Amino acid sequence: QLQLVESGGGLVQPGGSLRLSCAVSGTTLDYYAIGWFRQAPGKEREGVACISDNGAITNYADSVKGRFTISRDNAKNTVYLQMNSLKPEDTAVYYCAAGDRNSHEVRSGVGNRHEYEHWGQGTQVTVSS
């Protein structure tokens, strides 16, 4: 069974950086597109970034374009989210998710939560001075 475990969250000052990791076990990562989502208190879970199964295609929410970078290392079964120039509004629980999304779908957008079948438990990111 596919399992995803996020790590790398924490407290950071505005303007700082964090790198989140999503370790996948239970199957090879090669077959899945991976998305990063976040959920702030009282808000809906929103898609932040996604990457195709071979890493060739990425997509981002407008709110993080130019600041966040998603990447993957299939040999290590790990996906990363590098977050730079963090803002207080980036504060949320961050989740990684795996979905059977093809390249066309990834190119079209991050997608909604229902397009991803497998989820991690989340890691807290707090941006505050």
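This passage describes selected local features of a predicted model, beginning with its aromatic residues and continuing with a buried arginine, the largest pocket and several residues in loops and strands.

A search of the whole structure finds four aromatic pairs. In one of these, the rings of Phe-37 and Tyr-116 have centres 5.1 Å apart and planes at an angle of 80°, and the pair is therefore classed as edge-to-face, since planes over 60 degrees apart fall into that class. Because Phe-37 belongs to strand 4 (residues 33-39) whereas Tyr-116 is placed in the loop between helix 1 and strand 10 (118-119), this pair ties together parts of the chain that are 79 residues apart in sequence. Both partners are buried, Phe-37 with a relative accessible area of 0% and Tyr-116 with a relative accessible area of 4%. A second edge-to-face pair is formed by Tyr-95 and Trp-119, whose ring centres are 6.4 Å apart and whose planes stand at 75°. This pair, too, links distant parts of the chain, with Tyr-95 in strand 9 and Trp-119 in strand 10, 24 residues apart. Tyr-95 is buried, at a relative accessible area of 13%, while Trp-119, with a value of 24%, is partly exposed. Phe-37, Tyr-95, Tyr-116 and Trp-119 together form one aromatic cluster.

Tyr-116 also appears among the contacts of Arg-101, a residue located in the loop between strand 9 (92-99) and helix 1 (103-108). Although its side chain is charged by class, Arg-101 has a relative accessible area of 7% and is therefore counted as buried, the cut-off for this term being under 20%. The side chain of Arg-101 reaches the backbone oxygen of Val-110 at a distance of 3.1 Å. When neighbours within four places in sequence are left aside, the residues in contact with Arg-101 are Ala-33, Cys-50, Val-106, Gly-109, Val-110, Gly-111, Glu-115 and Tyr-116.

The largest pocket holds about 160 Å³ of space. Its lining comprises 13 residues, and those lying nearest the centre of the pocket are Arg-38, Lys-43, Glu-46, Glu-89 and Asp-90. By residue class, the lining of this pocket is made up of eight charged, three polar and two nonpolar residues.

Positive phi values are found at two residues that are not glycine, namely Asn-77, where phi is near 55°, and Ser-85, where phi is about 50°. Asn-77 is situated in the loop between strand 7 (68-73) and strand 8 (78-83), and Ser-85 in the loop between strand 8 and strand 9. In accessibility, Asn-77 is buried, with a relative accessible area of 16%, whereas Ser-85 is partly exposed, with a relative accessible area of 41%.

Asn-77 is also one of the residues touched by Ala-23, which is found in strand 3 (residues 18-25). Not counting residues up to four places away in sequence, Ala-23 touches Gln-3, Leu-4, Val-5, Asn-77 and Thr-78. With a relative accessibility of 37%, Ala-23 counts as partly exposed. Between Ala-23 and Gly-47, which are 24 residues apart in sequence, the C-alpha to C-alpha distance in space is 19 Å.

Key
Residues are numbered from 1 along each chain as its sequence is written. This is a predicted model: local features need pLDDT of at least 70, side-chain atom pairs count only at pLDDT 80 or more; totals for chains, interfaces and linings use all residues. Side-chain values use heavy atoms; hydrogens and water are left out. Helices (H or I, at least four residues) and strands (E, at least two) are DSSP runs, numbered from the N terminus. Buried means under 20% relative accessible area, exposed over 50%, partly exposed in between (1.4 Å probe, protein chains only). A polar contact is a pair of N or O atoms within 3.5 Å; within protein, one must be able to donate a hydrogen and the other to accept it, and residues adjacent in sequence count only if both atoms are side-chain atoms. Contact means heavy atoms within 4.5 Å. On a 1 Å grid over the protein atoms alone, a cavity is a set of points where a 1.4 Å probe fits but cannot get out, and a pocket is an open set with protein on both sides within 12 Å along at least five of seven lines; lining residues have an atom within 4 Å of a point. Grid points are joined across faces, edges and corners, and a volume is the space filled by probe spheres set on the points. Rings of Phe, Tyr and Trp (its six-membered ring) pair if their centres lie within 6.5 Å; planes under 30 degrees apart count as stacked, over 60 as edge-to-face and the rest as tilted.
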